[in-house]
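Grab a pencil and have a look at the model below. We'll work through a few short exercises together, one step at a time.

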Amino acid sequence: PQTGAVGTIVFFCALREALLAQFLKEHMEAQQLPQGIIDRLLNDNKLANQRFGQLFKSVVGEKWRVAVEEISIEGCSFVAVSELMMTASEVRNDFMHTGAAWEATEELATDCVSSLPMLTHLFAELHNHYVRPIQHKT
């Protein structure tokens, strides 16, 4: 395995998790949840699969996949980057937990780097679709 590929995939996964944490925090703040509740929810759901799963659904009211499809518009689908996020996460987890790095290919690393604009665009659109309307109501 290429060391650079592993590092790139780990970075991509760390960025997606940071963006998700920020999105969830901003959404809960827009809902005017007390800071103690926000902290507790984030602390009780530290794993990415918890945050992308039940916590996301509880906070937003929709499953991750449904939200991704909802914010996708003609000519700009976020489904592919969402699927890449899952693939990269699986490869990262295999590496982190078992040391298996053979799936951390240069091709996957290149896909991750090439998808960084779409990744950030995805979370910007999630914010615009789910957080901003709540902020404008208050």
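**Exercise 1.** What covers the buried residues of α7?

*Solution.* Keep in mind that this is a predicted model. Start by finding the buried residues of α7: they are L119, L122, F123, L126, H127, Y130 and V131. Now look at what lies over them: the cover includes α1 (3-30), α3 (48-60), α4 and α5 (79-98).

**Exercise 2.** Work out how α1 and α7 are oriented to each other: roughly parallel or roughly perpendicular?

*Solution.* Two packed helices are described by the angle between their axes and the distance between the axes. For α1 and α7, the angle is about 5 degrees and the axes sit 9 Å apart. Angles under 35 degrees count as roughly parallel, so α1 and α7 are roughly parallel to each other. On the α1 side, the contact residues include F11, F12, L15 and R16, while α7 brings in L116, L119 and T120, among others. Sorted by class, this contact has 14 nonpolar, 4 polar and 2 charged residues.

**Exercise 3.** Do the same for α4 (residues 64-71) and α7 (residues 116-137).

*Solution.* Here the packing angle is about 90 degrees, with the axes 10 Å apart. The range 65 to 115 degrees counts as roughly perpendicular, so that's how α4 and α7 are arranged. From α4 you'll find W64, A67, V68, E70 and I71 in the contact; from α7, L122, F123, E125, L126, H129 and Y130. By class, that makes 8 nonpolar, 1 polar and 2 charged residues.

**Exercise 4.** Where does α7 have a kink?

*Solution.* Follow α7 along to V131: a kink of about 40 degrees lies there, shortly before the proline P133.

Key: Residues are numbered from 1 along each chain as its sequence is written. This is a predicted model: local features need pLDDT of at least 70, side-chain atom pairs count only at pLDDT 80 or more; totals for chains, interfaces and linings use all residues. Side-chain values use heavy atoms; hydrogens and water are left out. Axes are lines fitted to C-alpha atoms, for helices over the stretch in contact, and angles run from 0 to 180 degrees between N-to-C directions. Helices (H or I, at least four residues) and strands (E, at least two) are DSSP runs, numbered from the N terminus. Angles under 35 degrees count as roughly parallel, over 145 as roughly antiparallel, 65 to 115 as roughly perpendicular and the rest as oblique. Contact means heavy atoms within 4.5 Å. Ala, Val, Leu, Ile, Met, Phe, Trp, Tyr, Cys and Pro count as nonpolar, Asp, Glu, Lys and Arg as charged, and the others, Gly among them, as polar. The bend at a residue is the angle between axes fitted to the seven residues ending there and the seven starting there. Buried means under 20% relative accessible area, exposed over 50%, partly exposed in between (1.4 Å probe, protein chains only).
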